[in-house]
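Me: I would like a close look at one part of this protein, namely its salt bridges. Please explain them in a connected way.

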Amino acid sequence: QIGDNLMKSALYQLNSKTGLLAPIYFSPFSVSKVKQPINSDYCMTAVTASMFNVPFEQVPKFIDLAKSDVENDIYDNINTAFSENYDKYLNEYGLSLLIIPFKNHDEFIKQIKQTFPNKDYHYIVGGISDRNVKHVVIYSNGKPFFDPHQSNSFLKKPEDIILILLK
């Protein structure tokens, strides 16, 4: 299922200001909106299911994997464990993870619009929610699009653009 969705991909370059050059996976134009279970920490699982248009149950619970890895001394901290587990998952599908500081968001949008002037695009943005916890949401065309949390409050402080790259 995820492999089928990879057909909806594109190549684009960020300029020298950000120093990035990468093929980017853009989600299918009709992103499903998969909510995370109430009172759960599974926002990345829900966002990933939404981006790949697959059921929630087909995507790992990355936060649980990260917590287990820290408890078993595989990684020193939850953030590294989380990113590593997410990247391993993406690698299974010929994809990888790239995180760009949100401060580059305006430049990112400018480059996307120049490269794909008539296309919709979806990507993940991470940061701090109004509940003061780390959270991820989906942006579309430079604006908040979908929050997997029941509150639908998106982010009070966006911190990262989380891109899925084609290898």
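Reply: A salt bridge is a side-chain nitrogen of Lys or Arg within 4 Å of a carboxyl oxygen of Asp or Glu. The model to which this definition is applied here is predicted. The structure holds three salt bridges.

Consider the pair D41 and K67. Their side chains form a salt bridge with an N to O distance of 3.4 Å, and this counts as a salt bridge because the cut-off is 4 Å. The two residues are 26 residues apart, and the pair links distant parts of the chain. D41 lies in the loop between β2 (21-25) and α2 (43-52), whereas K67 belongs to helix α3, which covers residues 62-71. As for exposure, D41 has a relative accessible area of 49%, and K67 has a relative accessibility of 36%. Both residues are described as partly exposed because this term covers values between 20% and 50%.

Another salt bridge joins D130 to R131, and the closest N and O atoms of this pair are 3.5 Å apart. D130 is partly exposed at 43% relative accessibility, and R131 is also partly exposed, at 30%.

There is also a salt bridge between K157 and E159, in which the closest N and O atoms are 3.9 Å apart. K157 is partly exposed, with a relative accessible area of 48%. For E159 the value is 26%, and this residue too is partly exposed.

Note on methods:
Residues numbered from 1 in each chain as written. Predicted model: local features only at pLDDT ≥ 70, side-chain atom pairs only at ≥ 80, totals over all residues. Heavy atoms only, no water. Helix = DSSP H or I, 4+ residues; strand = E, 2+ residues; numbered from the N terminus. Buried < 20%, exposed > 50% of the residue type's maximum accessible area, 1.4 Å probe, protein only.
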